[in-house]
Amino acid sequence: MATVGFTLTFWAWNLISPLGSWYGDRLSLSSFQQSLLVAVPVLVGSLGRIPAGALTDRYGAKLMFPLVSALTVVPVLLLVLVKDSYGLMLAVAFLLGLGGTTFAIGVPLVNSWFPPVKRGFALGVFGMGMGGVALSGYFTPRIAKHGENLPFVVVAIALAGYAVLAALLISDRPDRPVPAASLGRRLGQAGRLRVTWELSALYAIGFGGIVAFGVYLPTYLKTWYALDPTDAGTKAAGFALVTVVFRPFGGWLSDRLHPALVTAAALAVVALLAIVQAFDPPLDPGGTVALLIMAAGLGTASGSVFALVSQVTPQAQVGSVTGIVGAMGGLGGFVPPLVMGAIYSAKGSYSIGFMLLSDLALAGCVYAYGRMRTLRADEGGDGNGRDGGAGDAGPADVSKVAARRT
């Protein structure tokens with residue numbers, strides 16, 4: 001149920017991107033304006049994961065999943081009404097970001113139901129819900145051919161139906177630790193963990209790359225390789241599908257090897273292929289192969305980073321830490337579309353953007369191998385030798401966390 005909900009809300013979150021060129025033509029948008037339109041939901045959905053994760057720690061996914069799914073119906077339907085105004089489109093795109101917060105709801109739910117030795121794969125399977133981006137890229141433009149408002153109606157009905165099912169079928173683990181501290185205090189404690197920001201940086205590269213390609217790849221393929229919107233959306237959906245398949249692979253491999261080693265190897269592959277793509281190879285086969293291998297590397301890295309999260313984060317703080325890490329991952333996807341659009345507008349080329357991606361991936365590779373592979377669970381504290389994990393819970397919750405660690 002968590003994976004299905006993640007998939008549907010991610011489809012809604014990515015509704016604008018496959019139709020970006022259509023909106024661009026309809027509203028006479030520049031490359032930067034079009035990039036901003038598709039990037040705004042990414043920004044809001046990313047930052048929204050921080051409170052969503054902390055609220056899930058407190059109230060549970062049984063409440064949060066159906067609530068967020070139902071609320072996301074509102075901006076989806078509003079897109080039908082504001083399609084002729086760029087200013088109103090930006091405002092609704094802001095609200096649409098709500099659909100991107102469900103990642104921080106599902107991770108603590110799934111994490112609580114599985115033992116540590118299986119969490120990497122379980123979280124990888126849940127992470128396949130990001131395939132909602134692929135579904136959106138493939139189906140949204142095709143559904144739109146039968147009616148320009150039809151994609152929004154279909155997604156709204158699916159979200160409403162899921163909200164009802166989620167309220168009936170999702171169950172929180174009965175003995176899950178419920179923090180007693182305030183939202184601000186819990187977020188502050190999670191923010192003081194050094195490992196929170198280390199994982200955030202790695203996830204900003206891995207998952208941020210996935211989000212960035214998901215929202216901008218159709219525009220890139222249409223602009224640089226002169227593909228029509230439907231063909232560009234199809235190829236972008238293929239890229240997203242590869243990331244979906246390799247995310248559980250990254251989690252599964254991390255259950256058997258140290259997840260930092262898996263992350264380092266995956267980012268090394270991304271760095272190498274980004275250099276290849278920077279030289280603008282023909283789309284068939286060079287560009288296609290380079291982009292798909294990059295997709296495999298980014299998907300693997302996304303799965304392995306959250307396998308590492310589950311290893312070094314106390315159960316009572318998984319939602320809070322997940323919210324921050326997930327937000328940084330989403331923000332990692334907010335910046336590249338804007339950079340790529342600005343670079344293309346200024347230089348008429350995307351090569352600089354791909355070289356920047358290569359540099360970031362290489363930096364993540366070195367840091368994951370040099371620092372994160374030596375990290376132990378008791379080193380994820382506040383930098384003063386303390387764990388910082390149980391401070392947000394009551395006495396009963398502290399004992400549960402300690403027992404679970406033992």
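## Helix 8: span and kink

Helix 8 covers residues 132–144, 13 residues in total. From first C-alpha to last, helix 8 reaches 17 Å. That is close to the 18 Å expected at 1.5 Å a residue. The model is a predicted one.

The helix is not without a bend: a kink of about 25 degrees lies at Tyr 138. The proline Pro 141 follows shortly after this kink.

## Helix 8: buried residues

The start of helix 8 contributes Gly 132, Val 133 and Ala 134 to its buried residues. Ser 136, Gly 137, Thr 140, Pro 141 and Ile 143 are buried as well. Pro 141 thus appears both here and just after the kink at Tyr 138.

What covers these buried residues? Helix 1 (2–13) and helix 9 (150–169) are among the covering elements. So are helix 11 (194–224) and helix 12 (229–254).

## Helix 7

Helix 7 runs over residues 116–127 and has 12 residues. Its first and last C-alpha atoms are 17 Å apart, close to the 16 Å expected at 1.5 Å a residue.

Its buried residues include three glycines: Gly 120, Gly 124 and Gly 127. Arg 119, Ala 122, Leu 123 and Phe 126 are also buried.

## Ser 69 in helix 4

Ser 69 sits in helix 4, residues 61–81. Is Ser 69 buried or exposed? Ser 69 is buried, because its relative accessible area is 0%, under the 20% cut-off.

The Ser 69 side chain reaches the backbone oxygen of Phe 65 at 2.8 Å. Beyond its neighbours within four places in sequence, Ser 69 contacts Thr 9, Leu 159, Tyr 162 and Ala 163.

Definitions and conventions. Residues are numbered from 1 along each chain as its sequence is written. This is a predicted model: local features need pLDDT of at least 70, side-chain atom pairs count only at pLDDT 80 or more; totals for chains, interfaces and linings use all residues. Side-chain values use heavy atoms; hydrogens and water are left out. Helices (H or I, at least four residues) and strands (E, at least two) are DSSP runs, numbered from the N terminus. Buried means under 20% relative accessible area, exposed over 50%, partly exposed in between (1.4 Å probe, protein chains only). A polar contact is a pair of N or O atoms within 3.5 Å; within protein, one must be able to donate a hydrogen and the other to accept it, and residues adjacent in sequence count only if both atoms are side-chain atoms. Contact means heavy atoms within 4.5 Å. The expected span of a helix is 1.5 Å times one less than its number of residues. The bend at a residue is the angle between axes fitted to the seven residues ending there and the seven starting there.
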